[in-house]
Amino acid sequence: MNRSRIADLGTVLTIWAHPDDETYLAGGLMAAAVAAGQRVVCVSATAGELGTDDPVAWPPERLAAVRRLEAAAALAVLGVQEHRFLGLPDGGLDLWDDVGARLVSELIDEIRPDTVVTFGPDGFTFHPDHLAVHRWVRAAWEARGRGFRLLETAWTAESLERFGALSARIGVFMTDERPVGVPAAALSEHLPLAGPALDRKVTALRAMASQVEPTVGAFGLDLFTAWVAEEGFVDAARTARTRGTARTGRTARAARAGRAGRAGRAARAVGVPVDAEFGSIPAQRSEMVAA
Ligand SMILES: [Zn+2]
């Protein structure tokens with residue numbers, strides 16, 4: 001994405017489910033827009049308070065506090081100065097469709113973005129919380145006559161080819177479904193990050209140690225860096241055919257019911273201490289995180 005395409009994004013509002021989604025999926029985009037002098041507002045629906053496989057050491061209240069601090073650090077690295085939390089419960093967003101959709105709608109009316117960035121129809125990982133946020137943003141976009149640009153995250157076909165199996169093995173995908181990759185040349189916006197921009201994104205991610213360090217440890221830094229080096233987005237106007245095409249809450253709930261066991265089994269199968277989408281705190285890291 002060159003400078004003029006970044007400038008064309010105008011005021012950018014990015015909306016996600018959990019702290020770390022924003023940095024994994026759009027850290028490079030947000031940093032570039034900030035560097036170009038644009039207003040960037042980042043929203044997390046939850047504090048990610050369930051993102052651990054050791055809820056005894058990390059009860060939700062304690063983990064929420066850590067994840068808020070980590071998100072502040074990551075966004076400081078990216079240069080994003082405005083971060084909002086909607087305060088909704090991690091792991092249950094599909095039960096909060098009415099409230100979530102209203103809060104998203106109010107934010108859009110307040111910030112009046114030129115471009116909104118969020119998850120695509122696959123939620124990137126099929127996480128039911130991601131799918132809920134996708135629905136809310138799509139609904140707000142339709143309700144405003146598609147009056148702002150809506151960019152949705154997408155796996156590139158190339159990235160899926162290279163990293164899909166690895167991602168599946170560590171439990172990134174929350175259901176048995178798999179994304180359909182978009183060839184890089186067919187993306188609406190493509191950021192293949194390298195050099196200082198990639199270093200910045202990796203530094204931001206590693207500021208969220210409770211989520212990211214187990215994954216860095218399992219992959220090694222070089223592979224982790226390659227895994228996060230690409231960001232891809234598709235204009236919703238290209239994929240939204242009719243109103244109401246997003247998945248239903250019922251489908252999302254069914255997916256949620258099945259995800260924990262599968263993801264946990266996958267993580268155990270490869271001995272990787274990860275079981276919640278991009279990663280989580282394994283017990284042995286808890287003291288490091290608390291220090
Ligand atoms: Zn997430």
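These legends accompany close-up views of one predicted model.

**View 1. The protein chain holds 12 helices and seven strands.** This overview sets the scene for the closer views. The protein chain has 291 residues, and 50% of them count as buried. Take the contacts between residues at least 6 apart in sequence: 82% of these join residues at least 24 apart.

**View 2. Seven strands form an open sheet.** The strand order is β3-β2-β1-β4-β5-β7-β6, and the pairing is mixed. Strands β3 (82–85) and β6 (189–192) are the edges, each pairing on one side only. On average, neighbouring strands are turned by 20 degrees against each other, direction ignored.

**View 3. Strand β4 pairs with β1 and with β5.** Strand β1 covers residues 12–16, and strand β4 covers residues 115–118. Their pairing is parallel and has three bridges. Within this pair, Leu 13 stands opposite Val 116 of β4. Strands β4 and β5 also run parallel, joined by four bridges. There, Thr 115 faces a partner in β5: Arg 149 stands opposite.

**View 4. Strand β5 is covered on both faces.** Five of the five residues of β5 are buried. Which residues lie on each side? Arg 149, Leu 151 and Thr 153 lie on one side, while Leu 150 and Glu 152 lie on the other. In a regular strand, side chains alternate between the two faces of the sheet.

**View 5. Helices α4 and α5 pack on strands of the sheet.** Helix α4 lies across β1, β2 (40–44) and β4. Its direction is at about 165 degrees to β1. Helix α5 touches β1, β4 and β5 (149–153). The direction of α5 makes about 160 degrees with that of β4.

**View 6. Helices α4 and α5 cross at roughly 50 degrees.** Helix α4 spans residues 97–111, and helix α5 spans residues 128–143. Their axes come within 9 Å. Why is α4 called oblique to α5? The crossing angle is roughly 50 degrees, and that makes α4 oblique to α5. The crossing is right-handed. From α4, the residues in the contact are Asp 97, Gly 100, Ala 101, Val 104, Ser 105 and Ile 108. They meet Ala 132, Arg 135, Trp 136, Val 137, Ala 139, Ala 140 and Ala 143 of α5. By class, this contact has nine nonpolar, two polar and two charged residues.

**View 7. Ala 140 sits in helix α5 and touches residues of α4.** Is Ala 140 buried or exposed? Ala 140 is buried, because 24 other C-beta atoms lie within 10 Å, and 20 are enough to count as buried. Leaving out residues up to four places away in sequence, Ala 140 touches Ala 101, Val 104, Ser 105 and Ile 108. Take Ser 105 as one of these contacts. Ala 140 and Ser 105 are 35 residues apart in sequence, yet their C-alpha atoms are 5.6 Å apart in space.

**View 8. Gly 123 lies in the loop between β4 and α5.** Gly 123 is buried, with 30 other C-beta atoms within 10 Å. Which residues does Gly 123 contact, leaving aside its neighbours within four places in sequence? They are His 130, Leu 131 and His 134. Gly 123 and Glu 152 are 29 residues apart in sequence, and 9.1 Å separates them from C-alpha to C-alpha. Glu 152 belongs to β5 and is buried too.

**View 9. Phe 124 has a positive phi.** Most residues other than glycine have a negative phi. The phi of Phe 124 is near 65 degrees. Phe 124 is in the loop between β4 and α5. Phe 124 counts as buried, with 25 C-beta neighbours inside 10 Å.

**View 10. Arg 146 also has a positive phi.** Its phi is near 55 degrees, and Arg 146 is a residue other than glycine. Where is Arg 146 placed? Arg 146 is in the loop between α5 and β5. Arg 146 counts as partly exposed, because it has 13 C-beta neighbours inside 10 Å. A count of 12 or fewer would be exposed, and 20 or more would be buried.

Technical notes: Residues are numbered from 1 along each chain as its sequence is written. This is a predicted model: local features need pLDDT of at least 70, side-chain atom pairs count only at pLDDT 80 or more; totals for chains, interfaces and linings use all residues. Axes are lines fitted to C-alpha atoms, for helices over the stretch in contact, and angles run from 0 to 180 degrees between N-to-C directions. Helices (H or I, at least four residues) and strands (E, at least two) are DSSP runs, numbered from the N terminus. Angles under 35 degrees count as roughly parallel, over 145 as roughly antiparallel, 65 to 115 as roughly perpendicular and the rest as oblique. A crossing is left-handed if the near helix is turned anticlockwise from the far one by less than a right angle, and right-handed if clockwise. Two residues are in contact if their C-beta atoms, placed from the backbone, lie within 7 Å. Ala, Val, Leu, Ile, Met, Phe, Trp, Tyr, Cys and Pro count as nonpolar, Asp, Glu, Lys and Arg as charged, and the others, Gly among them, as polar. Two strands pair if DSSP finds at least two bridges between them.
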